[in-house]
Structures are given as structure tokens and as C-alpha cells.
Amino acid sequence: MTDIRPSLPVKTYRDFIAGQSLLDRARGVARKAAILALSAGRSPDDNEGWIRFPFYHHIFDDERPGFARQLDFMASHGDFIGLDDAVNMLESGASISGRYFCVSFDDGFKNWITNAVPILLDHGVPAAFFVAAGYIGTSVERDREKLLGFYDSRDLLMEFLSWDDCREMADAGMTIGSHTMNHVHLIDLDDDGVEAELADSKQLIEAELGRACVHFCCPFGRANIDYRPDHHPAIALRIGYRTFLATTRGAVRQGASLMGIPRDHLLAGWENYQLRYFFSR
Ligand SMILES: [Zn+2]
């Protein structure tokens, strides 16, 4: 039997979506058109007193220009802030004056250090990176089967960071947080399973980095679908996390809980009108 699955890791967004069905692509086109219409007359500048948490998964080689453009767009509408500073601002209880963007990334891909971090440093942007700790230090040759299984839907060979990469990013001022060990749906696990995913990843990241790991980002991140908002953030708090980040969209204002922080998912290829739409909701 011929193995037609990829032997080289995905480097471009073009290859990443190559296996997508025509229906998925058609849905994307329809959605873009609708957002273009809805974005008319909207601006992130319509109000202030908020922190937005835009997040990405990957910056592939062909996504670099788009990512730089999006950071420029954000810079023209607000100020960048690191996760610890955002948390301190929210915990202080003082009113938030202005508009802030706290950028983060999920999963742990190699293209963070090759593509995202250099562009972030060029723009002076501190970002938080949430790693599925069990995937860090894997090799595309040795761990091919595990890596091909990262996405349920398709066989994509994704290359992950090494621990040296993570240390280099932390040294460059980036925050490294936990995204569990195995990139699981917390809602499918019992309490022991959830505790193991949260505690083991925290311990491993701290041992490898020699720094405290106090931020947790929930895989998939939808309340009541992927995690139990009445239960799982409390486990994270007990284990020693200060935050629990989710994937519901929206702005964060003073008084918001740190245990279910909304974030706005972005793709680096999106146009500025798409950002204008999502950042003004
Ligand atoms: Zn994830």
C-alpha cells in the first residue's frame, strides 16, 4: 500500500488549506462578503476602555506580510500590552483608559519562532504563547504518527517547537503558558484527567523554562462545548494558574473575570476590514 500522506511539514497556508473541501471554501467566500457589508461604518475607535485578546495558531511562510500588516492595523487603533500587564491592569480594579491589544498564540508550532516572533520583535509587541506541552520537542521524523494525528479532520504534518525554542522566546520577553499536555477537550475528561493535563503541563513547562507558568489557555475554548465554565476554571485556579483563556469573541472591560477571558481568533491573511468588524463587536 502506498503511503500518500505528507512526509514534509506544512510550511505555507496554501498547503495548509489544500485539502479543504470546495464547500468549506465556498462558505469562506460567502462569509467574507457578509463581513465586508457588516464592517461598513464600524471602527474599533467607536469606544475605549477595553483590552482585546486577538489570537492566532500559525504564521506560515506566506502569512508573514499579512501578519505584519495586521500588527500595523492594531497599532493604529490601540497599544500592545503583555499578558502579565493585562492581568495586573484587570486585577488592579482601576479604570482602563484607552484601547489595548494583548496578542496570543495557541498550540506550539515551529513557525512561531521562524515567522511570528521576528515580526513581533520588529513591531515591539509582547505576546503570549500557549503550548500543548506534550508536543514540544517532538520530531517530524521520529514522531510522525503522533504529529499526523494532531488534527482530527486531516493528515497534516505540523512541526512543533523544541524546548530550546521556548527558552529563546521566553528570553526574548515572550510569555509561555500552558495549553494542556495533549491538546484535549477538557469536557470529555473526568476531574482527575483534567487535573493531570493542567498540572503536568505546568510542571513540565516550569522545569524546562525555569520560570513560573501561571497562564492557561483552554484547547478549543468554547464554554459548555469544550469546557465547563462552572468547574474547570476553578480547577485551574486551585492548581496555581492566574488566568483561564477561552475563545469566545469580545472586548474585556474592567471587572471581567480572569477565569474565562474572551479572545478574537484571527487568520493572518484576513483583510483589515475583517479585523475592523471583529474588533468593533
Ligand atoms: Zn489549540
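Start by selecting β1, β4 and β3: these three strands line up in that order as an open sheet, with parallel pairing. (A strand is a DSSP run of E with at least two residues, a helix a run of H or I with at least four, both numbered from the N terminus; strands pair if DSSP finds at least two bridges between them.) At the edges sit β1 (50–52) and β3 (79–80), each pairing on one side only.

Before moving on, note that this is a predicted model: local features need pLDDT of at least 70, side-chain atom pairs count only at 80 or more, and totals for chains, interfaces and linings use all residues. Residue numbers run from 1 along each chain as its sequence is written.

Now zoom in on β1 and β4 (residues 99–101), which pair in the parallel sense over three bridges. Pick Arg52 and you'll find Phe101 of β4 opposite.

Next, select helices α3 (residues 64–75) and α5 (residues 111–122): their axes come within 10 Å and cross at roughly 30°. (Axes are lines fitted to C-alpha atoms, for helices over the stretch in contact, with angles from 0 to 180 degrees between N-to-C directions.) So α3 and α5 are roughly parallel to each other, a label for angles under 35 degrees.

Last stop: Asp107, in strand β5 (residues 103–107). Is Asp107 buried or exposed? Asp107 counts as buried because it has 21 C-beta neighbours inside 10 Å; the cut-off for buried is 20 or more other C-beta atoms within 10 Å, for exposed 12 or fewer, with C-beta atoms placed from the backbone. Show His57, Ala132 and His179 too: Asp107 touches them, leaving aside residues up to four places away in sequence. (Contact means C-beta atoms, placed from the backbone, within 7 Å.)

How values were computed. Angles under 35 degrees count as roughly parallel, over 145 as roughly antiparallel, 65 to 115 as roughly perpendicular and the rest as oblique. Two residues are in contact if their C-beta atoms, placed from the backbone, lie within 7 Å.
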